[in-house]
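Reader: I'm new to reading protein models, and I'd like a close look at one part of this one. Please start with a single loop and work outwards from there.

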Amino acid sequence: MTEAYIYDAVRTPRGKGKKDGKLHEITPIQLATQVLQAVRDRTGIDTADVDDVVLGCVSPVGEQGSDIARVAVLNADYAETTAGVQINRFCASGLEATNMAAAKVMTGEAMFAIGGGVESMSRVPMGSDGAAWAMDPAVAYKTYFAPQGIGADLIATKYGFSRNDVDAYAMESQARAARAWAEGRFKKSIVPVKDVIGEVVLAHDEHMRPGTDMQSLGSLAPAFQAIGEAMPGFDAIALMRYPEVEKINHVHHGGNSSGIVDGASAILIGNKEMGEKYGLKPRARIRAMASIGSEPMIMLTGPEFVAQKVLQRAGMTKDDIDLFELNEAFASVVLRYMQALNIPHDRINVNGGAIAMGHPLGATGAMILGTVLDELERTGKGTAMVNLCVGAGMGTGTIIERV
Amino acid sequence: MTTAIHTELDADGILLLTIDVPGQSMNVITPEVQADLAAAIERLKTDDAVKGAVLTSGKASGFMAGADLKGMGALFGSGAALPEGKSKMAALFDGVFSLNRLLRDLETCGKPVAAAVNGLALGGGLEFVLACHYRVIADNPKITLGLPEIMVGLFPGAGGTQRLPRLMGIQPALMYLLQGKNMSPQEALGFGVAQAVVPADQIIETAKAWVKANPNGGVQPWDSKNFKMPGGPATALNPNFAQTFVGGTAMTHVNAGDNMNAPRAILSAVYEGAQVPMDLAIRIESKYFAKVVADPQAGNMIRSLFVSKQAAEKGARRPKDVAPAPTKKVAMLGAGLMGAGIAMVSAQAGIEVVLLDTSIEAAEKGKAYTADRLAKKKTPADKAQAILDRIKPTTDYADLAGCDLVIEAVFETREIKAGVTKQTEAVLGPDVIFGSNTSTLPITGLAEAWSKPENFIGIHFFSPVERMPLVEIIVGKKTGPAAIAKALDYVAQIRKTPIVVNDSRGFYTSRCFGTYVQEGLALLGEGTVPALIENVGKQMGMPVGPLAVNDEVGLDLSYKVAQQTKKDLGDAYKGGPGETVIEKMNELSRFGRKNAKGFYVYPEGGKKYLWPELVQTVAGGLAEDQPSAAEVKERLLYRQLVECARCFAEGVLETPQDGDLGAIFGWGFAPFTGGPFSHMDTVGIANVVATLDRLAQRHGERFAPPQLLRDMAARGDSFYAMAAKQAA
């Protein structure tokens, strides 16, 4: 099989996913367009060599609808021979897009392929696309559907993480992100977003709250208690699936869950010949990829299982991994992963994560892959594993290795 | 065939269709009604002289009460041969779709049809009304309109799940469909379910006036191109629609658990049906209806919750040759919680009550219970006073003179009970019927204190008396038919549901319910996660978990009952597997809710939670191998089933109807099963025996099936088949 190499990785800064967010005026097609242009301009490649662009997008309706990847290709003035496809694996869409792009290179389908993602959560709110899963009564009944916050709180309850534990994790995420920005650790990948007159509207992650402490986090009310305990009472549904739990301890809130933000990302993957053609040095090799399904009601324990699977595919153990990057959907998800795989905190999410900087659903996977690659290079380390928890009980993972 | 719908054409060409089903006090949907309606529709379509129609009722009792539940037996697992080339489900669909199709024909006949509703329209009755183009209701707030099918495990299958949402909006319609809630004429008007509410004597002329004025009114809004669903379009991309179903499904799932077929079928019928045109929508509805009907659940629920319940209340178990013996004045011995409650329901039924206790304070306190409850219910002062005036608190046995029924609810020891029994007989003589409300002591023994034991009977109430619907009548060895008749007539007066059982320790309800609690204790004693026991108990359809209910009853009481039973039975006593748990809790003075510590902790002002040290304390820690939820459920369920079967085998129960009613209304046994006997029949007796044998081998003799079940399994028999044979 052909080896697939990462030649470049870019991301936009993440704007607050609200009407007063800096990126609210930027259309999602612009976000996607600007990261594709950045990849082209930074590497100097002829886009005619890019066979396909795979972009993750979780709410592909409205202005994110109708295959935003192909439209972004056209809008970015790529060669019109470059194809584009939008995919949806919920929160792991950006990583899944990268995995697919890598697979295209490995099988010889593509010379260059770009994987990435885009989500303007301020303009196309989460859930805009409907869902048989949540809405069709027969399906919701059958799968014990409950929103993922209930699953996150259930994980905290079942695996013994207190409000204090999740808040402490969140505080550390903020501190690490603040330090990373202060030391310029993200500068290699960041592509400032420009408006229609070419002015920069956002050059840094807007969602961070660097001064966050336990006291400020402690003052936040649990976000999922009302829908869990009162209307419509999702906790009872969770207990039907997990009857060994007496009562769900609602510990998550806006301060220890991933932020709602806007952003886009892109990763250029190609075979060895393409690197030689353009004089590009391969930054890392894609060593293994995997996705899994697990119990959908608790929904967010997939990372543990996909990590095991992807390690096995790579013929590695977790001790062979220098740095771990797990999307901070909710603090309990990361704590459970660390607990299950016995991973020390100083080797995971070392530059913070989505709790501090936000989680632009379709784009995040490729963003954090770029982040961990930058960190491997900065610290001279060799291997990293990236995982995300995924809606409906899935998990996606990728292991990269510097070359 | 007799006429069920009378027709009368007036000078304006308006055909008055008057539903008047012969031989019924209330209109119900019969084959004749359907045939006559079909004929009327044909006339509307083909006769140019007919300009429109008004549908009304010829019964003063109301418009129509829907399907005849007793007559629905044919739908449930009928043994009729299938038409060639049809699957069972397809044939069932054809059967249930015919009425749906007929009402669709009515609303698409091309001419205006108005409903003039003089009284209640429920279930299929309301569905007839909804299929009319204009609906006028008599202005009487007592008129109830609704689709209550869900209460017996069914759902509206004649367009109700499709027309109601299109009239009032999906969200409010789901509320009425899923809760079986009724609406008044004014509410119907507000929701667009009715177009006019007028005095009763003007409904027909109002309906006719509308038909005359609207020659083109024969089109339903949903058949018009410009139709807009109230509350927004029924599409997945409308956030209101999405939210309604996400929230509505979750709430329904929480309330109905995984057990009920009808609520999920209603949700799906509305969700799928609302998104398509009416012709397709009613087919979807009928498909879900067929699925619900094909499952034994609805049939079981209808039989127990409707047919058997009504029969019991109408005196199914009453000795036929005893003259009616209504109670005028009751002697209530003991004014504690039970006595006070019995006094209240008696006085509410118009019966005079002499409420006797050892101190006047206690007797007065018993009366105050009624005053307190009536005030909480906001009973009008004059009405409340009339009820209270019927209760006379006293300490003097002489005041019992003139009572024609005695009910005793004093402390549960044989000595005290015998004492009050004798003192009462001294005043009233032995010819008066004496009922004991004991819940634990065998009636035959207690009857020895009354000179004529044939006049002594058990009348077992449940707490709180004013809320619990069941009364368990216990027939002692010597109890005679006059006592049974008197007790049943009294239960009818206070409008509760009776069952009749024979004497045995714990009778039927306490004995079988106790096994649910004991099995919970056994699981706990084995080191099972307590939350698992409690959650599974609730999820299988019991009102509360076994540990929670034991906390309510009092762990000290459980201990005392066990000690008393041990004393009574001597060597024959077999301790249950949870006994050590109760002993341990009593050693630690953890008595339950009464002292705020039992299996649960009851923080002041807060919610109770399981005592964190419970398993460590009573079982030395959690078992390494935890049972699955399915295993816990099987034990909690089959432990009850086998005890119920034993009661039948021992003659404590004489009919499966008594067994099912007593279980559902006495201890809250999963109502969706139709009761333990319906459930055993549905599972199949051979399967029940196999499961019990497996459980007995693993967990002990308490699960061993009685010989009766083995014999039934060998014959391929069922409880209700035996009952039917006996009745025939």
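Author: B:Pro464 sits in the loop between strand E15 (456-460) and strand E16 (470-475) of chain B. Strands here are DSSP runs marked E of at least two residues, while helices are runs marked H or I of at least four, and the numbering starts at the N terminus. In this loop, the peptide bond from B:Ser463 to B:Pro464 is cis, with omega near -5°.

Before we go on, a word on reading the names: residues are numbered from 1 along each chain as its sequence is written, and chains are lettered from A and ligands numbered from 1 in the order in which they are written. The model is predicted, so local features need pLDDT of at least 70 and side-chain atom pairs count only at pLDDT 80 or more, whereas totals for chains, interfaces and linings use all residues.

Now let's step back to the chain around our loop. Chain B contains 29 helices and 19 strands. Its domain assignment (the bounds come from an automatic or database assignment) gives domain 1 (5-294), domain 2 (329-503) and domain 3 (507-627). Between the C-alpha centres of domain 1 and domain 3 of chain B there are 49 Å.

How does the radius of gyration of chain B agree with that of a compact globule? For 728 residues, such a globule would have a radius near 27 Å, and chain B, at 29 Å, agrees with this. The radius is taken over C-alpha atoms, and the globule rule is 2.2 Å times the number of residues to the power 0.38. Along its principal axes, the C-alpha trace of chain B spans about 85 × 65 × 55 Å.

Of the 728 residues in chain B, 50% are buried. A residue is called buried if 20 or more other C-beta atoms, placed from the backbone, lie within 10 Å of its own, exposed if there are 12 or fewer, and partly exposed in between. You can try this out on B:Glu552, which belongs to helix H20 (residues 546-553) of chain B. B:Glu552 is partly exposed because 13 other C-beta atoms lie within 10 Å.

Contacts are another useful idea: two residues are in contact if their C-beta atoms, placed from the backbone, lie within 7 Å. Leaving aside neighbours within four places in sequence, B:Glu552 is in contact with B:Gly592 and B:Arg593. The C-alpha atoms of B:Glu552 and B:Gly592 are separated by 6.3 Å, with their positions 40 residues apart along the chain. Over chain B, among contacts with a separation of 6 or more, 73% come from residues 24 or more positions apart.

Finally, let's see where chain B meets its neighbour. There, 26 residues of chain B are in contact with 20 residues of chain A. Helix H8 (239-256), helix H9 (261-273), helix H19 (530-539) and strand E19 (609-610) of chain B each supply at least two residues of the side that touches chain A. The largest share, 9 residues, comes from H8(B). By residue kind, this side of chain B divides into 17 nonpolar, 7 polar and 2 charged residues. Here Ala, Val, Leu, Ile, Met, Phe, Trp, Tyr, Cys and Pro count as nonpolar, Asp, Glu, Lys and Arg as charged, and the others, Gly among them, as polar.
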